[in-house]
Amino acid sequence: MIQHPDKNFIDPVLIGIHKHPAYCAHVEEESDGNPWFHDIKEYLAKGEYPEHPTYTQKHTLQRLANHFFQSGRILYRRTPDLGLLRCVDAKEASRFLEEIHAGTCGPHMNGFVLAKKIQRAGYFWMIMKTDCIKYVQKCHKCRYMLI
């Protein structure tokens with residue numbers, strides 16, 4: 001390492017705040033009644049963008065659409081090993097969390113293992129790991145196992 005000539009100098013870190021939220025980065029609930037993948041599905045089927053998109057939103061939607069494949073009415077996400085994961089909405093996702101975490105698929109597990117198990121079962125949603133971790137933290141049986 002080389003020593004900085006002014007020992008107390010710290011380079012400033014520039015932080016930019018965007019007016020528009022990141023597209024499809026964090027979706028907790030479907031406020032407009034459409035699933036999180038509705039825009040991607042419409043773009044793949046018709047080549048249309050949502051109403052009044054910015055340049056960044058258009059570019060992000062194009063980039064996201066490269067990872068998805070539509071067969072009929074069902075949308076799939078491509079995996080790096082050329083597998084397909086079925087995209088599910090929030091209602092189906094919560095059902096999968098309950099069934100796989102405490103159901104017939106095995107014992108209670110941590111959030112990361114739960115997310116991997118859901119992916120191995122062939123399902124996907126954008127914030128799967130976050131939802132799995134939150135679900136395990138709320139599970140009373142898992143909480144008592146840690147004590």
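**Buried side of α5 and the nonpolar core**

In helix α5, Met-128, Cys-132 and Val-136 are buried, where buried stands for under 20% relative accessible area, exposed for over 50% and partly exposed for values in between, computed with a 1.4 Å probe on protein chains only. Because these residues cover an arc of only 60 degrees around the axis, they lie on the same side of α5, the arc being that of the directions from the helix axis to the C-beta atoms. An α-helix has 3.6 residues a turn, so residues three or four places apart point the same way. The face of α5 turned away from its buried side carries the exposed residues Gln-137 and Lys-138.

This is a predicted model, in which local features need pLDDT of at least 70 and side-chain atom pairs count only at pLDDT 80 or more, while totals for chains, interfaces and linings use all residues. Residues are numbered from 1 along each chain as its sequence is written, and side-chain values use heavy atoms, with hydrogens and water left out.

The largest nonpolar core (buried Ala, Val, Leu, Ile, Met, Phe, Trp, Tyr and Cys residues joined through side-chain atoms within 4.5 Å) has 28 residues, of which Trp-36, Leu-114, Ile-118 and Trp-125 touch the most other members. At least two residues of this core come from each of α1, α2 (55-65), β3 (84-87), α3 (90-102), α4 (111-121) and α5 (128-138); helices (H or I, at least four residues) and strands (E, at least two) are DSSP runs numbered from the N terminus. The largest share of this core, four residues, is supplied by α3.

Beyond its neighbours within four places in sequence, Leu-114 is in contact (heavy atoms within 4.5 Å) with Leu-97, Ile-100, His-101, Met-109, Cys-132, Tyr-135 and Val-136.
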